[in-house]
Amino acid sequence: MSVGRRDRLPGKRIRADVAGAVRDELVRDPAAIPDLPQVAAALFLSCRTLSRRLNAEGTSFRALVDEVRRARSEQLLGHTRLTTEQVASRLGYAESASFIRAFRRWNGCPPQEFRSRGRHSVRP
């Protein structure tokens, strides 16, 4: 018996594209961003097959990780009191300098300037 569209659980998204499934895996655990082998295993694909399918969709694993890191960094800087070093660590950067360079590439300004410009609600 097949599951019809209306029989799916409410709120469950069905992703037809591999990039969407990868994004779902990357945001599953807010405390850690999985690497390519972990995501490939979760999707029951080899690393090479996952890379080929993402390439066919016009993206890459690295681009999707950057997308997720950018969104998370903006959320963390805008809505928490975490230091730049703490945000960098949560996003999987070994050094805060690498995070600061990436953040500047994404937003055109360093994290502290982004934070001072924003009118975000900050939680303790």
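Across the whole structure, a search finds 4 aromatic pairs. One of them joins Tyr 93 and Phe 99 in a tilted arrangement, with 5.6 Å from centre to centre and 55° between the planes. Both rings sit away from the surface of this predicted model: Tyr 93 is buried at a relative accessible area of 14%, and Phe 99 is buried at 0%. Phe 103 and Phe 114 also pair, here edge-to-face, with centres 5.3 Å apart and planes at 75°. Because Phe 103 belongs to helix 6 (residues 96–107) and Phe 114 to helix 7 (residues 111–117), this pair ties together parts that are 11 residues apart in sequence. Phe 103 is buried, with 0% relative accessibility, and Phe 114 is likewise buried, with a relative accessible area of 16%. Together with Trp 106, the residues Tyr 93, Phe 99, Phe 103 and Phe 114 make up one aromatic cluster.

Two members of this cluster, Tyr 93 and Trp 106, lead on to Arg 69, which is in contact with both of them. Beyond its neighbours within four places in sequence, Arg 69 also touches Ile 33, Arg 62, Leu 91 and Gly 92. Arg 69 is part of helix 4, which covers residues 61–79. Although buried, Arg 69 has no salt bridge; Asp 66, the nearest side chain of opposite charge, is 4.8 Å away, whereas a salt bridge requires the atoms to be within 4 Å. A polar atom of the Arg 69 side chain does, however, lie 2.8 Å from the backbone oxygen of Leu 91.

Turning to the cysteines, the count of disulfides is 0. Cys 47 is partly exposed, at 31% relative accessible area, while Cys 109 is buried, at 1%.

Note on methods. Residues are numbered from 1 along each chain as its sequence is written. This is a predicted model: local features need pLDDT of at least 70, side-chain atom pairs count only at pLDDT 80 or more; totals for chains, interfaces and linings use all residues. Side-chain values use heavy atoms; hydrogens and water are left out. Helices (H or I, at least four residues) and strands (E, at least two) are DSSP runs, numbered from the N terminus. Buried means under 20% relative accessible area, exposed over 50%, partly exposed in between (1.4 Å probe, protein chains only). Lys and Arg count as positive and Asp and Glu as negative; His and the chain ends are not counted. A polar contact is a pair of N or O atoms within 3.5 Å; within protein, one must be able to donate a hydrogen and the other to accept it, and residues adjacent in sequence count only if both atoms are side-chain atoms. Contact means heavy atoms within 4.5 Å. A disulfide is a pair of cysteine sulfur atoms within 2.5 Å. Rings of Phe, Tyr and Trp (its six-membered ring) pair if their centres lie within 6.5 Å; planes under 30 degrees apart count as stacked, over 60 as edge-to-face and the rest as tilted.
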